[in-house]
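Hi,

Here is the structure I said I would pass on. Have a look at it before you read my notes underneath.

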Amino acid sequence: MITKEIATREISPDELLLNTLGCAGCSVVLAARWALKVLGKRTVFAVPACCLASVTIYWPQMAFRIPMVSIPFATTGAVIQGISAAFRHRGITDVNVVGVAGDGGTADIGLASFSQALVSRRKFIYICVDNEAYMNTGVQWSSLTPYGAITATGPVPEVMQERDHNKKDLFGIAIAHNIPYAATACTSYPLDFMEKVSKAANTNGPAFIHVLTPCPTGWGYPEDKTIEIGRLAVESGMWYLCEYQNGKIRFTYRPEKKVPVSEYLSLQSRFRRMKPEHITQLQSMVDKRLAAIEALASLE
Amino acid sequence: MATTAKIERPVSPGPHWKAGDTPMQMGSFTDIKPVFDESRCFSPCRQGCPAATDIQSFISLINEGKHKEALKLVKETNPLPLVCGRVCPAFCELRCSRGAVDERIAINALERFVADYDYTTGAPYTPKVKPATGRKVAIIGGGPAGLSAAYYLALEGHQVTIFEANSQLGGMLRYGIPEYRLPKAVLDKEIAAIANLCKEIKYNASLGKDFTIKDLKDKGYEAIFIGIGAWREEKMGIEGENLSGVLSGVEFLRDIAMGKKVDLGEKVVVVGGGNTAIDTARTALRLLAQEVTILYRRSRAEMPAIIGEVEEAEREGIHIQFLAAPVAIKAKDGKVDSIMCIKMRLGGRDESGRRRPQPIEGSGFTLKVDTVITAIGQTVDTSILPKELIDSGKYIKVNMETMETALGGVFTGGDCVLGPGTVVEAIAAGRRAAFSIKQYLSGKSIEPLMAPHRYDKGQLVNIVIKGSKVKQLPRVKISALSPAERKKNFKEIKSGLTEDKAKKEAERCLECNSCLLCWLFCPEGAISVRGNDKRPTVDRDLCKACGICVNECLGRAIELKTVESAKKGNLRKVSEGK
Amino acid sequence: MSEKKFTTGADAVAYGAKLARVGVISAYPITPSTHIVEQLATFIANGELDADFIKAEGEHSAMAGCFGACIAGVRTFTATASHGLAYMHEMLSWVAGGRFPVVMAVANRSVGAPWSIWGEHQDAILQRDTGWIQFYVETAQEALDTTIQAFKIAENHTVSTPVMVCLDGFNISHAEEIVEIPDQDKVDNFLPPFSRSVVLDPDNPLIIDVGAMGRLTGVWRFEQIQAMEAAKKVIEDVDKEFGKVFGRSYGGLVDTYKCEDAEVTVVGMGGLACGATRDAVDSMRNNGVRAGMLRLRSFRPFPNELVRQHLAKAKSVVVIDRDFSYGNEGAVYTEVKAALYGLQPCPSITNFIGGLAGADLVAQEVQDITQKALQTASTERTKLIFQYTE
């Protein structure tokens, strides 16, 4: 403890997202709130069908205090390209262009436009708020749903087709585009996330942040545990806090303790169907993925 | 629901609206709201302090020129500010939110200032003592834990006797921490103030040798505090460990403190990475040793010693060899001649979360050495303790909040519970124990002094709400002797602050009043920090009672309760007509 | 200075967009529209057009990119056809419902299956309910001129509706004509710089595209309907004004040829159908048949009143459909028939479905069908004729 550095930050008091229709304990709203504290008023948000849009664009409750546009599900990457190009054309350089999409809107239906946006090299921030299913419409499976989680379209995970799939490697996909900045984050590590938003805003090109946003409604835990669950995700290796910049990957935070995934799973009812052999398999997948990232991070 | 009234459309053409137009109060669906207990809501510095010293307030008093009141406030939680102001690693400073603006406040130096200043006034502060109760309490061990427990119990009017195994009080303060960090003259002043409050000090009285716990109870001591520390050096377990010329760090420091002469020769190797190793190495350097090397088996990042101490050691010319461990000590003519070592690499993490050092095949090397001093860890001498007290053979088993042990009426705290730790942790433990003993003696069931703040919350962060009024100001410079000036003497290295400098530094305090984590973690932005006292308040119209603030509050200061005045169902109806 | 060029319809459209000073083009290639955006890319590359070109990965994203540019305050344009137009179907509703003035050229082409790259109106007809204004032009010149007009119509504050400029795939897009490229200064005078009230602007933060249940959405839909209605007059006015400035106009919502005293009138859209029809009309007139042509320039908004007005006195009407609404009849036929509802007396109305998948429509064919329709006007009140049944 004596030698540990503590992350510090001055944070704006401005609340640019207030009074949403979100669930109590919603970390998607929290992530957006924090991002806006870093980005400030001169920011525009483009948000497709996802929880964040659903809780902020239904009349009469207009919770965003910055310009925001709700857009069709698959289009985030394309719309922010359009906005970015238009601002550039108009000589507007001091407005952050931010697309905030869920796991479905980024990795599934939105994957093509996401990819093309990264390729375009235009200046924008793309934040994927990952609650690991299509929560907004009732917890349907997405390609970022972890192995073994119950979803409405996969109510019996062990008989589903996606046998040994655990969360598409979106960070890897982003990096494969050689963009100037990409990062993974979690709403249980606020300063780590805010620092990444800040770096993204200062990137002269596409910047991608994949933030894990635990969801009490869809994951099945009491809403006051949202921050704790996210911590356990990172401490168990189910999620990791990394950064990709100038072609190099590094961990931005490593938890002090390592916790077996079973501890993380046992707190969420979406994992209640997992038997010991599934947990073992998941532990093995998690260990392998972490080892792979560690190997990449140690490359010179 | 047919109506004829027009729905006001502020934006045209198209299905668009003005941002920020939120007629519904989303928190009004529940009348459960968080309620704050201000007595548990601390500024981050206070949260970081194991003794929970009200740092913000004492700094504020310095600002006002009320140095004596400041000292009085410090002594409410810490009776050894002369000591701590010199040797504490200052957990408070790590948490200081000023660090988010420019540089952290030099809190440690300010503590030293009020303590030093008190003695310059000619009339040092003496605490009020309650009327004598006649109840006898035995303190075993006159180190910081015991001294702290003794102080607080004495103030309650109880009759305190300290049983000290050495010939002087102080424990590690005297026999562990070297002169250049904590001059004995200073230590003596502070100890005297405490000793004067006690009924009696029995020197050269060792538990297990001169008396037992049962003896004390038979003699009418109704409560006992055990603060015997951790003095047993851990063995390296390598060949040659018992040769002449291989010393124990703890014993070496003790001998030096007692004024004994120790011949080290020219080349000294110290094995270990904690504060004892650093103190040992820096002491050895001053004793005419030409060359002092520290061997540590992990890397710099894992070293448990205070960073500042490590840096000073290197500045003084001590060489630290990281990722190296001794394998065998070789003798020549019956005396230590060389030490065979091997380089290490860090492998996977062990249960403690630290990376396991693994020897690198074929990387052995040899150092010529005259004296090897081991400082790889200390344990408690459990052989002198009743079996019931011991936990898995290593330390005393304790309830960390009440400081109760398995034996009724027996309390404990400090290194004998946690292993080698810091002075301030021991002091805090002594105070918690004193609080428990007070209740125990009055026949009450024991409520802990204060449930400790939570540090199991993953990554600690420090935040400051950006305000326009704070000007960037540098941290006060603390003068210290240069490495050249320190050569071969034990003069106190760091100086204290002048009153002027102390006041200037105190002005930099942001007066946080709270750590703001509830404000940070609220998804609704329902918590705000308003007003001069900057305490968190909740906007009941926005709060959905999720309870995240309750869970994240390090001080456990928040509770969800049904609040009568929070209107339920207060959804403002958006008018669609008459 | 205006100049004359021998150029394709696709290039003509590109010139139109260039002259309109579009700022962002977001596009995906698809035959036969590709040359439009290729030409625009060339204009950008050689500095003739100051614009950003977004190379989308698909047409749905192409339209989304246009949408993003539009709400960020820049005049935007794209071009597509066939499957591409189908792929962006969702976005068409989105852009129209949000009342955004995007302009798009569609080089009309068949939609599979079966696989066909060739001309037909099915692609744009499929999108007739999305809320876009639809023009069907007859020539490359009209394609260029209508593209310029389209921006003025779309951006009119009483309209604020996106516009689709449809040109026959291959027949217009790839055929070369002599086209006058108007003078840039004149276009600048005619078409003022892009400016809108609904933009992403931190100084006036708006929530764009909100959702509302029931009545409020109903109100917004009604406004959309009213805007389409208002567009009718705006289309007429803009075409008239264009005529005054540039010396060319196209009749506004409809273009007529020898319609006034016609006993049989052929209704068609686009260059293939109407070009053949003009020749057929002339030939029939030479044979003593009072034939005429009503060209629907604007299919959306559908010019009900004008259709009724121009067809009321005919004994017979032939509607050429280069499309079909499977399960019923040709789409244009249905709408023309509906426009004539209640007329006493009412002309007979024949639907000729032809020119599908690039099949040629020749004057003789049109003439034969039209003369037959006139002959059987009193006995065959409605009839469907297919160009190919075997």
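Below is what I found, going from whole chains down to single residues.

One thing to keep in mind while reading is that this is a predicted model.

**Chain C**

Let's start with chain C. It has 390 residues, and 63% of them count as buried. Its secondary structure adds up to 13 helices and 16 strands. Along the principal axes, the C-alpha atoms of chain C fit a box of roughly 65 × 50 × 45 Å. Is that what you'd expect of a compact globule, and what radius of gyration does chain C have? For 390 residues a compact globule would come out near 21 Å, and chain C has 20 Å, so the two agree.

The contacts of chain C reach across the sequence too. If you take those with a separation of 6 or more, 82% are between residues 24 or more positions apart. As for the outside, chain C has an accessible surface of about 14,100 Å², and carbon and sulfur atoms hold 53% of it. Chain C carries 34 positive and 48 negative charges, and the mean positions of the two sets are 7 Å apart.

**Where chain C meets chain A**

Next, the interface. On the chain C side 37 residues take part, touching 35 residues of chain A. Between them the two chains bury about 2,800 Å², with 66% of that coming from carbon and sulfur atoms. Which three residues of chain C supply more of its buried area against chain A than any other three? They are C:Leu200, C:Pro202 and C:Ile207, and together they supply 21%.

From the other side, A:Pro72 is a good residue to click on. You'll find A:Pro72 in the loop that runs between strand 3 (68-71) and helix 3 (76-90) of chain A. Setting aside neighbours within four places in sequence, A:Pro72 touches A:Pro48 in its own chain, plus C:Glu90, C:Met91 and C:Trp94. Is A:Pro72 buried or exposed? Its relative accessible area is 4%, and buried means under 20%, so A:Pro72 is buried. If you want a distance to check, A:Pro72 and A:Pro146 are 74 residues apart along the chain, and their C-alpha atoms are separated by 25 Å.

**Chain B as a whole**

Now for chain B, which has 578 residues, 55% of them buried. It comes to 19 helices and 24 strands. The box around its C-alpha atoms is roughly 110 × 65 × 50 Å along the principal axes. Of the chain B contacts between residues at least 6 apart in sequence, 70% join residues at least 24 apart. The accessible surface of chain B is about 25,200 Å², and 50% of that belongs to carbon and sulfur atoms. Chain B has 86 positive and 71 negative charges, with mean positions 3 Å apart.

**Two helices in chain B**

Helix 2 of chain B covers residues 55-63, and its buried residues are B:Ile55, B:Gln56, B:Phe58, B:Ile59, B:Leu61 and B:Ile62. An α-helix has 3.6 residues a turn, so residues three or four places apart point the same way. The cover over those buried residues of helix 2 includes helix 1 (44-48), helix 3 (67-75), helix 5 (91-95), helix 6 (107-120) and helix 17 (499-507) of chain B. Just past the end of helix 2, B:Gly65 has a positive phi of about 80°.

Helix 3 of chain B has its own buried set: B:His67, B:Ala70, B:Leu71, B:Leu73, B:Val74 and B:Lys75. These pack against several helices of chain B, including helix 2, helix 4 (81-87) and helix 9 (184-195).

**Two single residues in chain B**

B:His158 sits in the loop between helix 7 (144-155) and strand 4 (159-163). With a relative accessible area of 10%, B:His158 is buried. Beyond its sequence neighbours within four places, the contacts of B:His158 are B:Thr133, B:Arg135, B:Val137, B:Leu153, B:Lys438 and B:Leu441.

B:Pro359 belongs to strand 14 (residues 355-359) of chain B. At 47% relative accessibility, B:Pro359 counts as partly exposed. Leaving out neighbours within four places, B:Pro359 is in contact with B:Ile342, B:Lys343 and B:Met344. B:Met172 is 187 residues away from B:Pro359 in sequence, and the two are 33 Å apart from C-alpha to C-alpha.

Happy browsing!

Methods
Residues numbered from 1 in each chain as written. Chains lettered and ligands numbered in written order. Predicted model: local features only at pLDDT ≥ 70, side-chain atom pairs only at ≥ 80, totals over all residues. Heavy atoms only, no water. Helix = DSSP H or I, 4+ residues; strand = E, 2+ residues; numbered from the N terminus. Rg over C-alpha atoms; globule rule 2.2 N^0.38 Å. Buried < 20%, exposed > 50% of the residue type's maximum accessible area, 1.4 Å probe, protein only. Contact = heavy atoms within 4.5 Å. Areas by Shrake-Rupley, 256 points an atom, 1.4 Å probe, with all protein chains shown as cover. Lys, Arg positive; Asp, Glu negative; His and termini not counted. Charge placed at Lys NZ, Arg CZ, Asp CG, Glu CD. Buried area = accessible area lost by both parts, 1.4 Å probe.
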